[in-house]
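Visitor: I have some questions about the labels people put on a structure like this one. Could you walk me through the reasoning behind them?

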Amino acid sequence: MPKIPPDATAERALVLKTLFASVEALEVAIGNNTEIVVHDLTNPSSSVLKIANGHVSGRAVGDSMFSGPDGDLGFAGLLNARNTASPSSEPLVIADYTTVTAKGTKLKSATTVYRDAEGVAFASLCINVDLSEVEIAHAALGRLLRQYSSENTPQNSQTDLGSMMEEIIDSSLSQSGRAGKPMNKKEKLEAVRVMQDRGMFIVKGGVEKAASKLGVTRYTIYNYLDEIKKSGGDE
C-alpha cells in the first residue's frame, strides 16, 4: 500500500475522531435497534474501529469488513471506493438498501464513505436499523384497528366505501379511454397508476376490486404497482 502523506494522516485521524464522537452521541439518542459502525477501509481484515449496538449484526470492534450482514449493496460500494481513487474528496453516500443478518433479520441500511484530500477512501460510517419490532407493532395495531372498525363502523359507511372504490375504478378507465373495451397491458398499467394516485390501494379490498375490473389477478396488480414504483411513478 502506498505511503500516506503526513498531512493526509492528520486529516484522516481528525475525521475518525469526529466520527467516533458522533457514534457516541448517536448511541445515547437512538434506540438499541440501530447499529452504527465506523470502518477502517485500509484494514479490511480488522476494519471495525467503533460500533454502537453491535448486537444488531453480532459484530464487535476488531471484526472484519467481511463479517457484516448478507446482501449488503453498500459492501460493494465500500470495496469499489477502497480500491478506486477519486478526483473528489466528497463523501460517497450509499443510501436506503436492505441487508440480512446471519439470523435472518432484515435491516434497513445506509453507508457513507469518506475520502481524504487525495480522493482515497479510508473510512466509512454504516447505519443498520432492525425494524422487526416496529413491523410486529404495526401488524398488531393493524389487527386492532380492523377489529375496532368491524365492530363500530355503520353499514352505510361500508357502502359508501364501496361506492368510492367503484368511482375511482370507473374514473381511471375513463381517463384511459378504454371504459368497456379490451385493454392492453400498457393501458391497464396506466389505469392502475391513476387508481394508485387516487388512494385506491390503501383501502382494504382495493387490489381485489381493481383486479376483478381489469380481468387480471391480484398478483398482476402487485406487479403493476412494482413497475410503477421502479419507473418513479409514485414519487
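Visitor: Why is L26 called partly exposed?
Guide: This is a predicted model, and in it L26 has a relative accessible area of 34%. Buried would need under 20% and exposed over 50%, so L26 lands in between and counts as partly exposed. You'll find L26 in helix α1, residues 6-29.

Visitor: Where is L26 relative to A52?
Guide: Their C-alpha atoms are 8.5 Å apart in space, with the two positions 26 residues apart in sequence terms.

Visitor: What makes N53 buried?
Guide: N53 has a relative accessible area of 14%. The cut-off is under 20%, so N53 qualifies as buried. N53 is part of the loop between β2 and α2, the latter being residues 73-83.

Visitor: What is notable about the phi of N53?
Guide: The value is near 55°, which is positive, and N53 isn't a glycine. For context, most residues other than glycine have a negative phi.

Visitor: Let's turn to the sheet. In what order do the strands lie?
Guide: Read across the open sheet, it goes β2-β1-β5-β4-β3, with antiparallel pairing.

Visitor: Why are β2 and β3 called edge strands?
Guide: Each of them, β2 (48-52) and β3 (92-100), has a single partner strand, so one side of each is left without a neighbour in the sheet. On average, neighbouring strands here are turned by 15° against each other, ignoring direction.

Visitor: How do you know that β3 and β4 are paired?
Guide: Pairing takes at least two bridges. Between β3 and β4 (residues 106-115) there are seven, in the antiparallel sense, so the two strands count as a pair. You can check positions yourself: Y97 is opposite S109, I94 has T111 as its bridge partner, and L92 faces V113.

Visitor: And how do you know that β4 pairs with β5?
Guide: By the same cut-off of at least two bridges. Nine bridges join β4 to β5 (residues 121-130), and the strands run antiparallel, so that pairing holds too. One spot to look at is T112, which stands opposite L125 in β5.

Visitor: Which residues in the hairpins have a positive phi?
Guide: In the β3 and β4 hairpin, with five residues between the strands, G104 has a positive phi near 90°. In the β4 and β5 hairpin, which also has five residues between its strands, G119 has one near 85°.

Visitor: Why is β4 described as largely enclosed?
Guide: Seven of its ten residues are buried, so β4 is largely enclosed by the rest of the structure.

Visitor: What makes T112 buried?
Guide: T112, in strand β4, has a relative accessible area of 18%. That is under 20%, so T112 is buried. Leaving out residues up to four places away in sequence, T112 touches P91, L92, V93, A123, S124 and L125.

Visitor: On to the helices. Why are α5 and α7 called roughly perpendicular?
Guide: Helix α5 (residues 185-197) and helix α7 (residues 218-230) pack at an angle of about 80°. Roughly perpendicular covers 65 to 115 degrees, so the label fits α5 and α7. Their axes are 10 Å apart.

Visitor: Which residues meet where α5 packs on α7?
Guide: From α5 come K185, K188, L189, V192, R193 and Q196, and from α7 come I221, Y224, L225, E227 and I228. By class, that contact has six nonpolar, one polar and four charged residues.

Visitor: What makes α6 roughly perpendicular to α7?
Guide: Helix α6 (residues 206-214) packs on α7 at an angle of about 100°, with the axes 8 Å apart. The 65 to 115 degree window takes that in, so roughly perpendicular is the right term for α6 and α7.

Visitor: And which residues does that contact involve?
Guide: V207, E208, A210, A211 and L214 in α6 meet R218, I221 and Y222 in α7. They divide into six nonpolar, no polar and two charged.

Visitor: How many helices and strands does the chain have?
Guide: Seven helices and five strands. Of the chain's 235 residues, 35% are buried.

How values were computed: Residues numbered from 1 in each chain as written. Predicted model: local features only at pLDDT ≥ 70, side-chain atom pairs only at ≥ 80, totals over all residues. Heavy atoms only, no water. Helix = DSSP H or I, 4+ residues; strand = E, 2+ residues; numbered from the N terminus. Buried < 20%, exposed > 50% of the residue type's maximum accessible area, 1.4 Å probe, protein only. Axes fitted to C-alpha atoms, helices over the stretch in contact; angles between N-to-C directions. Parallel < 35°, antiparallel > 145°, perpendicular 65-115°, else oblique. Contact = heavy atoms within 4.5 Å. Nonpolar A, V, L, I, M, F, W, Y, C, P; charged D, E, K, R; others polar.
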